[in-house]
Every structure is written in C-alpha cells, then in structure tokens.
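Subject: Structure for your review

Dear colleague,

Please find below the structure that I am handing over to you. My findings follow it, grouped by topic.

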Amino acid sequence: MDVIEERYGLAKERIRSLPQEEFGKYNDYVNRMVELFEQIETVYEWESDSKPGAQWNQKLYEDLVGENYLHSYGNPKYAAEQFGVKCGQFLSWYYARCRDAIVAAYDGDQEEIVLRMELFLQAVESLSESEDVVRSLKETMYYFIHDYEEIRIEKNIRRMLVPDEHSRIHQIVMNGDFSDTSYLYDYGEYITENEKKMAEFLASQKEETLAQMARTYTEGYKEGFRIAGIDLTKKSVVQIRYHVGFEPMVRQAVLQFEQMGLKPVFTSRTNTASIGVVSTPANKQYQYDHRYDEALVLNQALIKERLKITERIYEKYKTEAAGFAGPAVIEIFGEKLFSPETQKESPAYDSEQERLSVAYTRDAALIQNRYIPQDQRSFTIIAYPVPDIGPDFEKIFEQTVRVNTLDMNQYREIQQHLIDALDQGDFVRVTGRGENHTDITIKLYELEDPKTQTNFENCLADVNIPVGEVFTSPMLTGTNGVLHVKQVYLNHLQYKDLEFHIKDGMVTDYNCANYKTEEENRTYIKQNIMYNRPTLPVGEFAIGTNTTAYVMGRKYQIEAQLPILIAEKTGPHFALGDTCYSMSEDIILHNPDGKEIIAKENECSQLRHTQIEKAYFQCHTDITIPYDELGDIVVYTKNGITIPLIQEGRFVLEGTKELNEVLEELA
C-alpha cells in the first residue's frame, strides 16, 4: 500500500467516527462536512466505468442551490451568524476548500482528496481542542496554503502545458457518446438543463455543420499566428476552454488542431474559480462571496514564496512552455443576469493586501511571460448562446453563426475607410445622446509617415471573432472626459449607469447605480473593474462596426447578455487597463493595405524599459456605448478640419453607410 492510499484509509476512518463525538455548537457543521466527505468517497470509489449520474449531481450541489444557500456553511453570512464573523469566515473557507474535492473525486485524484480530508480533520482539532478557535483555524489555513502551494502550482502548470490523453476531460470529449446526455455527469461539475439542452442541440447537428463551426474558430486561431508573424509549427499544445455541453463541436476542433500539429490540454475549475472547462455555477453568489478568501491570511511571505515556486516550476517545464501556443476559447452568453449581493461577512482585502494582490498578479504574469512570451503565442475567442437565453435560442444561435461568419472582405474595405479618416486626426471626440452623457476626447499619435504608417488596426475575424472593429492604443496625455453607459454586463456582472471620469488617459473617479450607497457602488467597481487598483489607463479606443450583431441583440432583447466579444463590436468602446498589444509591443504588424500599425503602446507601457513593475496592469475591460446611446464620433485634424464618422448613432462617412442598412430593421 502506498503512502497516499494509507493516508486516505486513515482519514476516511477518522472522518466516519466524528458523528459519535461531541463538538458543542459546531456539531451541525461537523456532521454536514462528514456527510459531504462520505459522498465524495462514494464517487471516488464508484466501481462502474462511468461515475454516478443526475441524482448524485443534484445531491452533491444541493447545499448551494437557490434558497438552500441561505442556510449553507458555504455562505459566509450564514456561517458568521452561527459562529461569529471571524470564526464563520474561516469555517466557510474550510467548507469551500473541501467542496473542491468533488471534482478531484471525478478525476480520480486521490492525493487531492486526501489533502482536503486532512485539512478538515485539522479544523476539527481546532474546534475541539483549541482555546482560541479562530487563531488555530487561521494557523491551520495558513500552513495548508503554504505547505501545499508547490503541489497546487505544479498541478496547474502541468495541466496547462502537458497533454494527457487519459485525462477525464479528454476522454469525455474524444470518446463520449453524445447521443445520451448522461455523459455530462462524468465531469463532476454542476449540470443544469442549460448544459443538457446545449448538448442535445449540438448532438442533433450534422457533423459537417459542427466541423464548419469549429473551423471558424480553429482557422481564426491559425490566422492569428500568421498575422503576428509567429511560427505555429514550433508549437505543440493548444489550451481549449469551453462550456460543458459543447463537446460535439470541441471534438471537431481537437481533430482540426491536431492537423495543425497541436495537441489539446484541458483544465477544470474549482468551485469558486471559473476558467478552463466550466458549467453553469450552482450559485454565482457563492463564487462571488469567496473571491477574496485569501484575505484571511494573505501576507508578503506567502506572495514571495508563491512567486519563487512559480518560477521554479516554469523552469522545470520550460521545454513544454516553449511549445505552448495559447488558449482557444469558446465563450457563452445568455445565462441569467447576475447582480451580486455585497455581504460584509465575506472576506475582503485590506489596503496592504490589495497592494500585495496587485503586485503578485503583475509579477506572476512577468514570470510566465519569460517562459511563454506574449509575443510568441496567440489565442482566439468565439462565443455562442446557450439555451438559458430563452425560447428563441435556436433562432439566436443561427443568427450568431451568421454574425461569426460575416464577409471579412466587405468589412475590410468598410473599415479601411474609417481608418483613412481617423489617421488624419489629431484627436477624436465621442459623445452620447439621450440619457447617455458620454463626452470624451481621445488623443491620437502623430504619424511620421502617413503613407506607410497607421494608428488603427483593421480588425477582422481572426483571434477575435466576430469581425467588426478598428482599434488603437491612444495617447494618455490629452485623452480626457466622461465615459458613461446606461447598462452593461462585464465579466458576468451587471452594471447600471456606469460612469468613469478620465484625465490625461487615467481614471480619476467612477460610480454606478447598482446599490443604495455610493460606497457600495464604488467598492463594486473597484473590486471588479479596477481590480483594486487606484487608477487604470485607457488602454484602447475602438469603433465597432458589426451592426448585424447590434440588430441581433436589439431584435431579441438580449443586448445586456451579449458577451464583451460581441458587444464590443456593436458601438465605440474603451478598454480600461493594458493595451491590446500588452507585452507584444515589438512585434511589427501591418494592416491588409500594407501600412504598419505604430500605435501599440502608451505612456504606461513605455515604462517597460525602465520600470516594468509600473508598465502593465494585467487587466483589460472593454466598455461599449451601444448605437442607440451614441451621439457623434468626429475626427478633428490639426488644421481645424472636422470629419464626422457617426452622427446620431448612424455612419455618415462615405464608404461606410451600408453599415446602416441592417439598422433599418429596427426602424
């Protein structure tokens, strides 16, 4: 018997003995955790080739669903009501970390299960033997994170870089029987009608239809390498991210990537983090409540150790890292809108921890960039609706396929007219109309040789599907004004009356109308758009030209549900954070007309030569003004000439007016 197997047996025996013991006010907490681990053990030890199905899926996640969450120890508010704020926060953290063992059980990852079992048993010791329960729980949490950081980081990096054809996700994608949606339960993720209906819909499509959908996505990926001048033949691995239910399309994508010489890697999420292969969360509020759990123990020592380990692991896998081509992402839209409740019982960073978190994000990205240089990899993103979007799902899906496959040649010509006008400008002014009070000027770089240089990229459907925008990295000095949008959905969160004040390209103030108090609104933006930074630069200015996507959103009343990927093409947008060329500024890029794109950085990113810690922000959030809230976009030249591009939300520049034709459907 190996060591892990022995530890598993001992931990299992000890956990099953706990209900016979007395823990006072913690009895219910301990018993519920015992029940959770009994379920996890059952899944892990399941003797059938396939894991337990729908009934077990509901059982494993029912504690988080709907009204049940109000009385769940995964809810920091409820835990705080039972045990006091500090103790409740810690016990809610232990609960969440132990729930992570659910997916580990489906993975057959005994080591991960054992670590969670032993963590729980250490917490039980704190509850039964410690005079200062909070202090003991904190120490146990700290040393658990510290002692197992290397295991966690190595697993994450290895899964990102090293293909495993025997992994659970690879087996589901390549060998699953899609005619029966029961395969969805083999993920261990929470499965809803959304995933089942999506899987049924795609399984009903012809193989050639699925292959064509996949080809739009995979060819866009390949095109990104060609445009950037990066040799794809030197790469060996592509990271595929998708939503559960898209397996029929993903299988076709895997086959197409393999023809390019790329093997897929898949990563699954934990219960409180959504990246990789994901499903509809059992409760988005649960994820939101635990997003800053590490605030309970985060300090400088942990950050330093984490960075050392990260560098050491990347050095270990440097050969594999060199072959990493980048992510290929299938996003979804149409899930029910979510506006989180701010709970004071949820952990939150103090000012020093905010600084540490920002510094860690920056430094970890710089380490990764040394082993996987940004200018030596690419990506692609495409989005599709899911059945949650409503009864018109199939019509919206059909329209989305149309949006994703619009004629690039037509858009290339139209967008070139916009770029030719913009390149004459000293600055651009964008204004809102109606209740939108946007009024912002964007300072452009001066072209030394307008015959061979351009400020704007003619963005077609390659890495960023669908087609439909021209964009630039504006100068910060001289970019001033107010950016406002009545309603927008960013990173799965809803914002009402979102407003930013900009001075010399930097955010100076912000607010929204989601909550009753200004403090709550500002905190919401600070945490979820500013990422706890005191300010961010305007990293991008773009004009979206995909009026077809805009009409789709308005026709089916799904504007608020459109993902950034599509929404950014439905009007002018501004990105807060890094430029689109972050860490790739030195790559020489040309538009289809042969002109070199020279506006690829700003006064912040230029610091990469002298103060790299101040150059990048590791975030980029696009905020779009939809056509119906848009007033005018006007180019102002140095000699006083004005060139209107859009007036009252309609294109007026010669060569672009045909973009208005589809808008007439809304008249």
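Does arginine 362 count as buried or exposed? Arginine 362 counts as buried, because its relative accessibility of 17% falls under the 20% cut-off. Please note that this is a predicted model, and that the values below are computed from it.

Salt bridges

The count of salt bridges comes to 46. In general terms, side chains of opposite charge can pair when their charged atoms come close. Three of these pairs are described here.

Arginine 362 forms a salt bridge with aspartate 363, with an N to O distance of 2.9 Å between the side chains. Aspartate 363 is partly exposed, at a relative accessible area of 23%, whereas arginine 362 is buried.

A second salt bridge joins the side chains of aspartate 28 and arginine 32, at 3.1 Å from N to O. Both residues belong to helix α2 (residues 27-44), and because they are four residues apart there, about one helical turn separates them. Aspartate 28 is partly exposed, with 37% relative accessible area; arginine 32 is likewise partly exposed, at 23% relative accessibility.

A third salt bridge brings together the side chains of arginine 554 and aspartate 628, with 2.7 Å from N to O. This pair links distant parts of the chain, as its members are 74 residues apart: arginine 554 is in helix α21, and aspartate 628 is in the loop between β17 (620-624) and β18 (630-636). Arginine 554 is partly exposed at 29% relative accessibility, and aspartate 628 is partly exposed at 32%.

Beyond these pairs, one network arises from salt bridges that share partners. Its members are Arg97, Asp100, Asp109, Glu111, Glu112, Arg116, Lys155, Arg159 and Asp293.

Glutamine 561

Helix α21 also borders the loop that holds glutamine 561, which lies between α21 (547-555) and α22 (564-567). Glutamine 561 counts as buried because its relative accessibility is 15%, under the 20% cut-off.

Which residues does glutamine 561 touch, not counting those up to four places away in sequence? The contacts are with Phe333, Gly334, Glu335, Leu337 and Ile389. With one of these residues, glutamate 335, there is also an approach to the backbone: the side chain of glutamine 561 reaches the backbone oxygen of glutamate 335 at 3.4 Å.

Yours sincerely

Definitions and conventions. Residues are numbered from 1 along each chain as its sequence is written. This is a predicted model: local features need pLDDT of at least 70, side-chain atom pairs count only at pLDDT 80 or more; totals for chains, interfaces and linings use all residues. Side-chain values use heavy atoms; hydrogens and water are left out. Helices (H or I, at least four residues) and strands (E, at least two) are DSSP runs, numbered from the N terminus. Buried means under 20% relative accessible area, exposed over 50%, partly exposed in between (1.4 Å probe, protein chains only). A polar contact is a pair of N or O atoms within 3.5 Å; within protein, one must be able to donate a hydrogen and the other to accept it, and residues adjacent in sequence count only if both atoms are side-chain atoms. Contact means heavy atoms within 4.5 Å. A salt bridge is a side-chain nitrogen of Lys or Arg within 4 Å of a carboxyl oxygen of Asp or Glu.
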